[in-house]
Amino acid sequence: MSSLSRDEVARLAGLARIDLTETEIDRLAGELDVIVESVARVSEIATPDVPATSHPLPLTNVFRDDVPAEPLPVDDALAAAPAAEGGRFAVPQILEED
Amino acid sequence: MSTQVTRLVDYDDAVRRFDPVIGIEVHVELGTRTKMFDAAPTEFGAEPNTQVTPVSLGLPGTLPVLNRTAVEHAIRIGLALNCEIAETCRFARKNYFYPDVPKNFQTSQYDEPIAHDGWVDVELEDGTTVRVEIERAHMEEDAGKNTHVGGATGRIHGAEYSLVDYNRAGIPLVEIVTRPITGAGERAPEVARAYVQTLRDLFRALGVSEARMERGNVRADVNVSLRPSPEAPLGTRTETKNVNSFRSVERAVRYEISRQAAVLDAGDRVVQETRHWHEDTGITTSGRVKSDAEDYRYFPEPDLLPVAPSRAWVEEIRATLPELPAVRRRRLQAEWGFADAEMRDVVNAGAVELIEATVAAGAAPAAARKWWMGELARTAKTDGVELAAMPVTPAQVAELQGLVDAGRINDKLARQVLAGVLAGEGSPEQVLVARGLEVVSDDGALLTAIDEALAAQPDVVAKVKAGNLGPVGAIIGAVMKATRGQADAGRVRELVVERIEQS
Amino acid sequence: MPGRHAAGPSSELTRLSAAELAEALRAGRVTSVEVTQAHLDRIAAVDGAVHAFLHVSAQDALATARDVDARRAAGEELHPLAGVPVAVKDVVVTKGMPTTAGSRILEGWVPPYDATLVERLRAARMPILGKTNMDEFAMGSSTEHSAYGTTHNPWDLERIPGGSGGGSAAAVAAFEAPLAIGTDTGGSIRQPGAVTGTVGVKPTYGGVSRYGLVALASSLDQAGPVTRTVLDSALLHEVIGGHDPRDSTSLTDALPDLVGAARRGATGDLTGVRVGIVDELNGEGYSDGVRARFDESVALLREAGAEVVHVSCPHFGYALAAYYLILPSEASSNLAKFDGMRFGLRVEPEDGPVTAERVMAATRGAGFGDEVKRRIILGTYALSAGYYDAYYGSAQKVRTLIQQDFAAAFEQADVLVSPTAPTTAFRLGEKLDDPLAMYLNDIATIPANLAGVPGMSVPNGLSDDGLPVGFQILAPARADDRLYRVGAALEALLESGWGHPLLAEAPELPTTVTVPTTEESIR
């Protein structure tokens, strides 16, 4: 497996939206390199004939009836907001477009 | 927005030299009472953040539970689009950070859609039918809404911010993706529009959504690419997002064809990108290019279980499918005895339901068509409103025609009665009475008028008695004039002839 | 409460098991207010040294206690555990009570709703003493990764109490609470149980609702009881367990009779029970003291009539690797919501424009600790384009192989057994700079999470260093009752040998009187 470079860690931090200091990037690059090398062992036994399991127990078709519940009072909804205005959550300007 | 002027090639020239290929993604908001994964209500137009639960806000600890009705609606859409319904399918998480996405991932079906490999026939205005192949229809959730506040350009940073309302976050969506639509040639914009319109009609007929374009219930992303000839491989495509009216779909495709042709003519390459549609100016502009934008780190949503619709359930849903719009149109045309061209006009005018309701209220199909496609269509056009928005009900139109059929008014009076109804003066009967427009059917009053007319033209009687019926018309005309048109011309003729014979 | 000290009648109340307290309450020998106040006093006395609690909800607990006493006086039929207090790990959402999950990023968050299991505790009218300390977002094996200071092991205050649920285990071991709630993603209930001499149970996946647990890894997380006796775990498990329509992965099956199984096991008869020793979870890497106690316990089970066999689970050697791909991947997504937009901490970037994107990154940079950042970056890597198949995809396949190992092993045995943790409690700080060494603490507990099967840790003696050791019992999915039968039998046999519960050997804790028992955070 390829080793985890500083640049790669910085790219991942960007994807994960976490500001890291230069020191943190250096340290993580070293630590993650060791960890990745260790966990990469999984590919040794993960042959194509083995099916993947994403849920511990094989359940299917769990549904809810389309019946409304009482919504949160708007004051409760906004109570923990760092900033709010006119019943809405106030957030810093959004530059990137979705 | 770019200040640089975008060069365009004349549309006719563009489609002469390039073969356009389009692809359309339509998102429809399902009309369920609750959200996709959450029992929060979905009332439209409610006060901000009043249609939310801890789940809709993505609060720590909350979990999704799938709405059965939303799944049923998705299957219904899949069946109506002649799709295969998956034996089993899953949800995945699409990870990206955006303030209107409360969990910072969207729960969506990624590689396992609930419906796939279908088709739908789309009828163009001239009656040509185009078959559009459907690649997939999958379930996902809508995002909240951002409102940008403050700051024109030039303000200091921090002066601008956004306000977020999560009422829409989690509303169930079904996204329908076409395969590349080829062979439409210069009619590609028209096909795109007709396709979206067809889906809108379908959603309404299926009862899965109110499908109101102006509310954003139905939203389209249009993909356009050009190639030198139908034999050439597909060109690089652009995706124009959120084109939310039929007319805009047509315009956006048309614009992209002209723009891309200019890019290619200049020897440049079309950039694969997201573009934005500007309703006001009718142009598309390049979206901001995001680094890492494509790395959504999809993985199966561990908080939800696979959906494995039993074949029995699918068949049960299939059995409840209503008659689909195209089938219904064919049936109604046969029942009503309309010619192809007549029916097409009716469809294009959006008058099918109106005529159907008018017929149901007792009017003959031809009469119903005459009113809606004639007087009412003209008035609607003059007033610039949709036919269905005219202030007259199909029942009133049927009532109006009933008055004509009963001989109480003639066509000319009927138009005056209709004008009264449209003016809000009440039902046809009420207008007729209030305006005193009833046909004069009192023989006594008519005979008085006839006698006066005969007295004024004494030579007529002699001519008629001599076997020349021609001058009767002159008498009828005089009587009609005297009664200001409110007489039944047929009855007047009978009485005139009777009177002359008696004299 | 100046002047009050740990000795006297109220401290005796804190020594009783939950079952004993329930009986005393039922018989009217004691009131819930007395029981609850005794525990609040104990917290005030010793938590300065232990630091098991992040928040003590004294007023709320006493209000519940008074209500229970009034209802009992009025002759109302009450839940058997009504009036018995409980502590709740801070990863569990509590309405009106701060919930931080041990993270700076959630500092001051007061949730507007209760987790399902909290609703059930409240419905049973159990006073909630407060919220217990934990590794940040349950990532860790020592509670040293809490943003609010580490918890100390009551057996030796210089040592770790295990993790991530070190607070719950230490609170119970230090007699600050008779019962506590933990969560177990890779061993966070069982490993702290082992190193603090307490009982901890990870139920079958889906057996206890996850609604209201701040999610770490959705496909692995499970809440369960932390107690001093096996019977107490069964009692608490029955309160919080059972189907919840708000959790799609919740089992619809009725819970097996856990209390009945514990009482049956306490007779010490295991005739006909097949016990499988997992060869891969014993041996290299496990300390001598741990192995010696394990062998002695197995001998006791054999004496009790159990048939002991050896089973092999050849893929368990890959469990740790699979776990450290699945957990970070799911966590990287689950923890994306902590972005400073809707709740919790919001931090603006030190310079440059204040945009949503940059505030999110600054908030997450400042609000998350090192271990959380490490795992989020690792998970982001494992899920990113081009690596998914090699990492996350492969790990999910290993999961299948581990499930197959369990299925084969449970053909041969009714329960599987192993040491819970490879060593006794290590010193604070000892493994803080070596993440891989820290991860190895969970080597024996992780397979159960990957397969969704239930597991229990029962204290089975002290190692040569005088520190407690745990014995792990694993059962097939939905057969949690087997844990209770075998666990209660082992507990009864061990205690009859010792002549007292293991915790009676724990040293006295230094007491302080400075910590208030009023409604406020004591972090």
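## Three chains around a shared interface

With 22 C-beta neighbours inside 10 Å, the residue Thr355(C) counts as buried, because a residue needs 20 or more such neighbours to be placed in that class. The model in which this residue is found is a predicted one. Thr355(C) belongs to the loop that lies between helix 11 and helix 12 of chain C, and, once residues up to four places away in sequence are set aside, Thr355(C) touches Pro92(A), Gln93(A), Ile94(A) and Leu95(A).

### The contact between chain C and chain A

The contacts of Thr355(C) lead to the interface of the two chains, to which chain C brings 58 residues and chain A brings 45 residues. On the side of chain C that touches chain A, two or more residues come from each of helix 11 (319-334), helix 12 (356-367), helix 13 (370-383), helix 14 (389-412) and helix 15 (435-439) of chain C. Helix 14 of chain C gives the most to this side, with 11 residues. Sorted by class, the side of chain C that touches chain A holds 31 nonpolar, 18 polar and 9 charged residues.

### The contact between chain A and chain B

Chain A also meets chain B, in a contact that takes 34 residues from chain A and 43 residues from chain B. The elements of chain A that each supply at least two residues to the side touching chain B are helix 1 (6-15), strand 1 (63-64), helix 3 (74-78) and strand 3. Strand 3 of chain A gives the most to that side, with 5 residues, and the classes on the side of chain A that touches chain B come to 17 nonpolar, 8 polar and 9 charged residues.

Strands also pair across this pair of chains. Strand 1 of chain A runs parallel to strand 2 (residues 66-67) of chain B, and 2 bridges join them; within this pairing, Arg64(A) has Asn67(B) as its bridge partner. An open sheet of 4 strands, paired in the antiparallel sense, has the order 2(A)-3(A)-9(B)-8(B). Strand 2 (84-85) of chain A and strand 8 (145-149) of chain B stand at the edges of this sheet and have a single partner strand each, so one side of each is left without a neighbour in the sheet. In the part of the sheet that belongs to chain A, strand 2 and strand 3 (residues 88-92) pair in the antiparallel sense over 2 bridges, with Ala84(A) standing opposite Phe89(A) of strand 3.

### Chain A and chain B as separate chains

Read from the N terminus, the elements of chain A follow the order α-α-β-α-β-β. The table sets the values for chain A beside those for chain B.

| Property | Chain A | Chain B |
|---|---|---|
| Helices and strands | chain A: 3 helices and 3 strands | chain B: 16 helices and 15 strands |
| Buried share | chain A: 33% of 98 residues | chain B: 45% of 503 residues |
| Radius of gyration | chain A: 22 Å | chain B: 31 Å |
| C-alpha extent along the principal axes | chain A: roughly 50 × 45 × 25 Å | chain B: about 100 × 55 × 55 Å |

For chain A, a compact globule of 98 residues would have a radius of gyration near 13 Å, but the chain has 22 Å. For chain B, a compact globule of 503 residues would have a value near 23 Å, but the chain has 31 Å. Among the contacts in chain B with a separation of 6 or more, 69% are between residues 24 or more positions apart.

### Nonpolar cores and a crossover in chain C

The largest nonpolar core has 294 residues, and the members that touch the most others in it are Val86(C), Ala322(C) and Leu325(C). Beyond its neighbours within four places in sequence, Ala322(C) is in contact with Val42(A), Ala395(C), Val398(C), Arg399(C) and Leu450(C). A second, separate core of 45 residues has Leu418(B), Val464(B), Val479(B) and Val496(B) among its members.

Chain C has a parallel pairing of its own, in which strand 7 (residues 274-278) and strand 8 (residues 307-311) are joined over 5 bridges, and Gly276(C) has Val309(C) in strand 8 as its bridge partner. From strand 7 of chain C, the chain passes through helix 10 (residues 288-303) to reach strand 8, and this β-α-β crossover is right-handed.

Technical notes:
Residues are numbered from 1 along each chain as its sequence is written. Chains are lettered from A and ligands numbered from 1 in the order in which they are written. This is a predicted model: local features need pLDDT of at least 70, side-chain atom pairs count only at pLDDT 80 or more; totals for chains, interfaces and linings use all residues. Two residues are in contact if their C-beta atoms, placed from the backbone, lie within 7 Å. Ala, Val, Leu, Ile, Met, Phe, Trp, Tyr, Cys and Pro count as nonpolar, Asp, Glu, Lys and Arg as charged, and the others, Gly among them, as polar. The radius of gyration is taken over C-alpha atoms; the globule rule is 2.2 Å times the number of residues to the power 0.38. A residue is buried if 20 or more other C-beta atoms lie within 10 Å of its own, exposed if 12 or fewer, and partly exposed in between; C-beta atoms are placed from the backbone. A nonpolar core is a set of buried Ala, Val, Leu, Ile, Met, Phe, Trp, Tyr and Cys residues joined through C-beta atoms within 7 Å. Two strands pair if DSSP finds at least two bridges between them. A crossover is right-handed if, with the strands pointing away from the viewer, the path from the first strand over the helix to the second runs clockwise.
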